[in-house]
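Dear colleague,

Please find the structure below, handed over for your own work. A summary of the findings on its ligand site and internal spaces comes after it.

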Amino acid sequence: MQIEPFGLERWFAEYEHGAEIMLAESGVRSLGSGRFDTDPGELGYVIPTDGDPEVRAAVADRYDRDADEVVCTCGTQEANFLAVLAVLGGAHPLDGQRTARSSSGTAHAVVVTPTYQALHAVPEAVGEVTRVPLEPPNWELDIDAVADAIRSDTRLLVVNNPNNPTGRYHPLERIEALYDLAADNDAYLLCDEVYRLLAEDPIPPVASMGPHGLSTASLSKAYGLAGLRFGWLAGDRAVVDAACRWKDYTTISPGTFGQHVAKQALEDDTEAEIIAENRDLVSRNHDRTQAFLERHGLEWYDPVGVNGFVTIPDEFENGRAFCRTVVEEASVVLAPGEFFDHPDRFRIGFGLPTPELEAGLERIEAVLES
Ligand SMILES: Cc1ncc(COP(=O)(O)O)c(C=O)c1O
């Protein structure tokens, strides 16, 4: 099994530590720990290791599912990893008799791209993948193209909604059409919904659409609590069970601190307060970023969430050249579009505290005007 290096993480490793302003961060600025109780008591494993039943029940409620249809994970990253392994990496959860692999030895997934690299790299490591591209400038989800990509051994469709890096939020009817395709083909639809609560009017999560929907999410992006490393996978019990079998080999249980704080963040009032505060920040920052782009003739698809995928200024050869200049001359980290197979773009994350965002934009402006 081979896995591609995670391009964006390696880019961050090169620049994030030394640079002064991080405009490549894909979440909302982090909240302080001071607003939570941070004493979980004994520092053992979380028992049961798939997460506190109360937390799983609270999460499951959001999907009209039972606590047994949720496994708590270390972030969305682990949730996606486990979901892919559960569906592509062994016996097929839809049927104990059938294996995920066809007689030709493959397990096939259809992945909508561009997307967060893990969402295609992990399926590519364990099976075969057909990528279905979203096309600029509107990045619309082409259901016919997904249907054409489905094969007899397709077990998984993968989408990220709202999408990183484009900020495209696919509407309900497209996601339902995708769900129907999965159901008609005995496959699962895995939707990474980590940015979902940043939408003004979020559509229902796919795990609430029926047995073929698998939703992943976490407290990282919309809540500004990435350091908790707390997320989950919700969906069909057979997939969750298979995910738990893999989880015994990844992290065993979620972190005790993470779960302790997550419990508080997921309480209705606290959650509503955090999400309202964060949406407010995101909306303010969105407008500042949009005005900046307009001043410089740069274009994006007006994004939902905190990531925008922007055309590079004419005078630069590609995204990498532009981002390298900006980080070396202005100490601001952006994400080159090369990591999403669109070298004519860069990704900007505008979830930082507003003064920091403004300082970053001013520095980029100075590079553009020099
Ligand atoms: C679409 C998407 N999924 C998952 C992740 C990882 O998130 P987490 O911190 O919840 O593991 C990211 C991080 O950028 C992301 O953009």
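The notes that follow deal with the ligand, the pocket and the cavity in turn.

This is a predicted model, in which local features need pLDDT of at least 70 and side-chain atom pairs count only at pLDDT 80 or more, while totals for chains, interfaces and linings use all residues. Residues are numbered from 1 along each chain as its sequence is written, and side-chain values use heavy atoms, with hydrogens and water left out.

The ligand has 14 residues around it (a residue counts as near if one of its heavy atoms lies within 4 Å). Those that come nearest are T76, N164, D192, S218 and S220. By class, this shell holds 3 nonpolar, 8 polar and 3 charged residues (Ala, Val, Leu, Ile, Met, Phe, Trp, Tyr, Cys and Pro count as nonpolar, Asp, Glu, Lys and Arg as charged, and the others, Gly among them, as polar). Helix 3, residues 75–88, gives the largest share of the shell, with 3 residues (helices are DSSP runs of H or I with at least four residues, numbered from the N terminus).

Oxygen atoms of the ligand lie 2.7 Å from a polar side-chain atom of T76, 2.9 Å from a backbone N or O atom of Q77 and 2.7 Å from an N or O atom in the side chain of S220. On its own the ligand has 400 Å² of accessible area, of which the protein covers 94% (Shrake-Rupley method, 1.4 Å probe).

The space taken by the ligand is the largest pocket (on a 1 Å grid over the protein atoms alone, a pocket is an open set of points with protein on both sides within 12 Å along at least five of seven lines, a cavity is a set where a 1.4 Å probe fits but cannot get out, and lining residues have an atom within 4 Å of a point; a molecule sits in either if more than half of its atoms lie within 2 Å of its grid points). The volume of this largest pocket is about 430 Å³ (the space filled by probe spheres set on grid points that are joined across faces, edges and corners). Its lining has 22 residues, and E9, S26, Y116, K221 and R229 are the closest to its centre. Helix 3 supplies the largest share of that lining, 4 residues. The lining divides into 6 nonpolar, 9 polar and 7 charged residues.

A search of the whole structure finds 1 cavity of 30 Å³ or more. Among the residues lining the largest cavity are N161, Y169, C191 and R196.

Kind regards

Methods
A polar contact is a pair of N or O atoms within 3.5 Å; within protein, one must be able to donate a hydrogen and the other to accept it, and residues adjacent in sequence count only if both atoms are side-chain atoms. Helices (H or I, at least four residues) and strands (E, at least two) are DSSP runs, numbered from the N terminus.
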